[in-house]
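Reader: I am new to reading models like this one. Please show me the model, and then take me closely through one part of it.

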Amino acid sequence: VLGCTVLQPVFGHALRGHFSCIVGCDTVMALSRVGLLRPVLGRSLPILARSPLQPSVGRSALLQYGCRQCEALFSAQSRLYATKKSKAKGKGQAKVSINAALVEDIINLEELKDEMNTVMENLKQDYSRHLNIRSSVGTLDHISVSTNDGKFPLNQLGQISMKSPQLILVNMTSTPEATAAAAKALRDSGMNLNPEVDGTMIRVPIPKVTREHRENLAKLAKQFNNKAKESLRRVRANAVNQVKKSKDDVSEDTIRLIETQIQQMADGVAADMDKQLATKTKDLLG
């Protein structure tokens with residue numbers, strides 16, 4: 001960058017070959033518009049990643065020279081690249097932090113984060129719906145019943161009520177044809193239920209809380225956790241495949257850094273899942 005003595009050591013090598021001549025900070029600022037500068041800096045990422053900035057050049061140095069346009073460009077460039085954070089003491093892989101807005105043409109990292117969080121929320125819902133020590137009306141609401149017309153939650157097919165502390169009733173008068181399917185869903189729910197069918201009425205005795213029942217619920221919690229991790233892996237794989245579709249437009253190093261970011265996001269959610277499982281298992285086993 002010929003017109004700026006501050007940016008020249010920072011960007012000169014990275015931009016060489018992309019511009020034959022850039023004169024003056026005003027020109028640099030004009031080129032810093034996202035549509036023009038992003039592809040250039042994107043292709044320059046491997047160079048900058050392998051060529052660390054000189055320690056003496058930073059925001060303070062830029063301001064010291066009174067060049068605020070260059071300071072803004074420096075900030076934009078810094079946000080664009082995947083910046084590796086310092087390694088954890090003693091161990092751990094260097095983490096990558098990517099500004100989602102600057103890679104949105106390749107992948108929407110915010111939407112990906114939401115997808116992964118949705119998997120986590122679904123796991124929490126499975127825990128709350130199916131893994132209660134004592135059965136109640138609410139715990140039966142969302143048991144999925146397979147019928148000829150599809151799958152429906154039990155509370156949409158029958159009226160659930162508490163007859164006594166030891167008995168729950170499911171009135172299937174509104175959908176008598178689904179009575180047998182509802183009874184089967186209750187037996188297969190993993191909640192140690194043994195429903196009794198009396199016409200269109202299903203009686204569900206509440207099981208006693210035994211050590212065996214607690215251990216079965218703990219096993220079911222692990223199954224829910226494994227199922228959620230499978231869903232998380234599918235989300236991650238789909239995201240990686242989407243990123244690889246841009247390999248003709250961006251450098252391999254850029255693709256690799258984005259893939260690393262995706263893996264870190266998935267690892268973080270998976271770690272939260274394991275914490276939730278540990279907490280739930282401790283609660284179930286007492």
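Reader: What percentage of the contacts in the chain with a separation of 6 or more comes from residues 24 or more positions apart? After that, please take a close look at the largest pocket and the elements around its lining.

Author: This is a predicted model, where local features need pLDDT of at least 70 and side-chain atom pairs count only at pLDDT 80 or more, while totals for chains, interfaces and linings use all residues. Residues are numbered from 1 along each chain as its sequence is written, and side-chain values use heavy atoms, with hydrogens and water left out.

Your percentage is 63%. A contact here means heavy atoms within 4.5 Å. The chain has 286 residues, and 40% of them count as buried. Buried means under 20% relative accessible area, exposed means over 50%, and partly exposed lies in between (1.4 Å probe, protein chains only). The secondary structure comes to 11 helices and 8 strands. These are DSSP runs, numbered from the N terminus: helices are H or I with at least four residues, strands are E with at least two.

Now the pocket. On a 1 Å grid over the protein atoms alone, a pocket is an open set of points where a 1.4 Å probe fits, with protein on both sides within 12 Å along at least five of seven lines. Its lining residues have an atom within 4 Å of a point. The largest pocket holds about 610 Å³ of space. That volume is the space filled by probe spheres set on the points, which are joined across faces, edges and corners. Its lining has 24 residues, and Asp126, His130, Ser144, Phe224 and Lys227 lie nearest the centre. Four elements give two or more residues each: α6 (109-130), β3, α9 (179-187) and α10 (211-244). The helix α6 gives the most, with 7 residues. By class, there are 9 nonpolar, 9 polar and 6 charged residues in the lining. Ala, Val, Leu, Ile, Met, Phe, Trp, Tyr, Cys and Pro count as nonpolar, Asp, Glu, Lys and Arg as charged, and the others, Gly among them, as polar.

Take β3 next. It covers residues 144-147 and pairs with β4 (residues 150-153) in the antiparallel sense, over 4 bridges. Two strands pair if DSSP finds at least two bridges between them. Ser144 has Pro153 as its bridge partner in β4. Val145 stands opposite Phe152. A hairpin of 2 residues links β3 to β4.

Turn to α10. Arg211 sits in this helix. Its relative accessible area is 48%, so Arg211 is partly exposed. Gly286 is 75 residues away along the chain, yet the C-alpha atoms of Arg211 and Gly286 are separated by 9.4 Å.

Now go to Gln276, in helix α11 (residues 252-285). Because its relative accessibility is 30%, Gln276 counts as partly exposed. Leaving aside neighbours within four places in sequence, Gln276 is in contact with Met120, Lys124 and Tyr127. Lys124 is 152 residues away along the chain, and its C-alpha atom is 8.0 Å from that of Gln276.

One more strand completes the tour. Strand β8 (residues 201-205) has a covered face, Ile202 and Val204, and an uncovered face, Met201, Arg203 and Pro205. In a regular strand, side chains alternate between the two faces of the sheet. On one pairing, 5 bridges join β8 to β6 (residues 167-171), and the two run antiparallel. There, Leu169 has Arg203 as its bridge partner.
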